[in-house]
Amino acid sequence: MPSEPHQTVVVDGLALSREIRARLAEAVARHVQDGRRPPSLAVVLVGDDRASAAYIKGKRRACERVGMNSVEHRLEASATEADVIETVEGLNRDEAVDGILVQIPLPDGIDPNRVAEAIDPAKDVDGLHPLNAGRLLLGQPGWVACTPLGIMKILEHHRIPLEGANAVVIGRSAIVGKPISLLLQRAHATVTMCHSRTRDLAAICREADVLVAAVGVPRLVKADWIKPGAAVIDVGVSVIEGELVGDVDTDGARGIASIVTPHRRGVGPMTITMLLQNTLGAYECAGRPRPRIASS
Ligand code: NAP
């Protein structure tokens with residue numbers, strides 16, 4: 001028997017971001033009123049990738065709006081891996097820098113893993129250093145990548161039950177797929193991780209109470225892959241003929257999913273908000289041996 005259509009809530013990631021950013025701004029203001037310098041994020045951009053430049057502009061604006069400092073370090077596209085690592089090491093030593101983010105993609109010839117390893121784990125607000133990735137795996141406190149943290153906030157805000165839920169994550173990258181799988185598992189979901197070699201992806205998705213698509217294949221997830229009442233998080237961003245397109249047929253998901261994130265104002269603003277949150281956290285625990293921030 002066909003199930004009743006669901007009243008699908010289209011997640012407003014921008015509104016949720018604004019709420020969280022207002023709280024972050026209050027915390028920053030309290031520190032400044034107490035006579036301390038504001039938190040500071042250093043962003044390293046290598047080359048002249050236009051999309052990356054636009055992303056870091058958005059991050060800088062977001063920092064400024066909550067009263068944080070944002071300092072850009074631009075390196076020429078011809079910079080070597082050693083140049084990038086030297087820049088990162090300088091930022092590690094700089095006591096006025098709390099968080100370091102190296103914008104990816106990096107030009108060919110620069111290994112993003114080696115660059116991530118060069119970042120002081122205490123300032124690794126993107127959660128890409130092996131120590132932080134390992135801590136997440138082990139269930140220990142540490143910095144966690146911003147997009148997965150933002151997804152967990154969205155699920156929490158919409159009171160999506162995770163304990164015992166079937167969660168399906170499509171994508172196994174270090175920045176989204178793997179960490180969100182671990183966070184969902186930490187929240188007691190039963191997690192299935194899918195990727196490009198997964199057989200019968202549609203059938204696996206149809207069992208998902210929570211479906212996270214972090215692939216980068218436009219509208220991969222069709223409406224008939226979605227279990228009625230599922231929470232659907234669309235992380236993917238592709239550009240087709242100048243238009244942003246996600247991994248999910250979001251229009252088709254309406255009336256089926258319980259919640260769905262839109263291509264714009266969905267996961268994207270939450271990613272930046274979690275970057276601000278991690279930077280504030282790094283600032284607040286500077287000088288302490290371990291980050292205090294937990295999973296979400
Ligand atoms: P990625 O490193 O390219 O990983 C993509 C993953 O998708 C891989 O694990 C790949 O499998 C899998 N995949 C590719 N084609 C598939 C298919 N047909 N069926 C099933 N799985 C498939 O990408 P990422 O960095 O995780 O990012 C994913 C998407 O999210 C991108 O569109 C990116 O732009 C977007 N993104 C958005 C935000 C945001 O804030 N909104 C943040 C980060 C990323 P294999 O491992 O087998 O290759």
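**Exercise 1. The ligand and its surroundings**

From which polar backbone atom, in which residue, is a nitrogen atom of the ligand 3.4 Å away? Work through the polar contacts of the ligand, and then describe the shell around it.

*Solution.* The structure is a predicted model, in which local features need pLDDT of at least 70 and side-chain atom pairs count only at pLDDT 80 or more, while totals for chains, interfaces and linings use all residues. Residues are numbered from 1 along each chain as its sequence is written, and side-chain values use heavy atoms, with hydrogens and water left out.

Step 1. The nitrogen atom of the ligand lies 3.4 Å from a polar backbone atom of His195. An oxygen atom of the ligand is 2.5 Å from an N or O atom in the side chain of Ser196, and an oxygen atom of the ligand is 2.9 Å from a polar backbone atom of Val237. The protein buries 67% of the 920 Å² that the ligand exposes when taken alone (areas by the Shrake-Rupley method with a 1.4 Å probe; for residues, only the protein chains shown count as cover).

Step 2. The ligand is surrounded by 20 residues, of which the closest are Arg172, Ser173, Ser196, Val237 and Thr271 (a residue is near if one of its heavy atoms lies within 4 Å). By class, this shell holds 10 nonpolar, nine polar and one charged residues, where Ala, Val, Leu, Ile, Met, Phe, Trp, Tyr, Cys and Pro count as nonpolar, Asp, Glu, Lys and Arg as charged, and the others, Gly among them, as polar.

**Exercise 2. The open sheet**

Give the strand order of the open sheet, and explain what sets its edges apart.

*Solution.* Step 1. Six strands form the sheet in the order E1-E11-E8-E7-E5-E6, with parallel pairing; strands (E, at least two residues) and helices (H or I, at least four) are DSSP runs numbered from the N terminus, and two strands pair if DSSP finds at least two bridges between them.

Step 2. Strand E1 (9–10) and strand E6 (190–194) each have a single partner strand, so one side of each is left without a neighbour in the sheet.

Step 3. Strand E5 (residues 166–170) pairs with strand E7 (residues 210–213) in the parallel sense over four bridges, and Ile170 stands opposite Ala213 in E7.

**Exercise 3. The loop between E4 and H4**

Is Gln103 buried or exposed, and which side chain does the side chain of Gln103 join in a polar contact?

*Solution.* Step 1. Gln103 is in the loop between strand E4 (99–102) and helix H4 (112–118), and counts as buried because its relative accessibility is 7% (buried is under 20% relative accessible area, exposed over 50%, partly exposed in between, with a 1.4 Å probe and protein chains only).

Step 2. A polar contact of 2.9 Å joins the side chains of Gln103 and Lys59 (a pair of N or O atoms within 3.5 Å; within protein, one must be able to donate a hydrogen and the other to accept it, and residues adjacent in sequence count only if both atoms are side-chain atoms).

Step 3. Pro105 lies in the loop between E4 and H4 as well, and a cis peptide bond with omega of about 10 degrees joins Ile104 and Pro105.

**Exercise 4. Positive phi**

Where is Arg159 placed, and where is Asp200 placed?

*Solution.* Most residues other than glycine have a negative phi. Arg159, in the loop between helix H6 (146–157) and E5, has a positive phi of about 50 degrees and is exposed at 72%. Asp200, in the loop between E6 and helix H8 (201–205), has a positive phi of about 45 degrees and is exposed at 52%.
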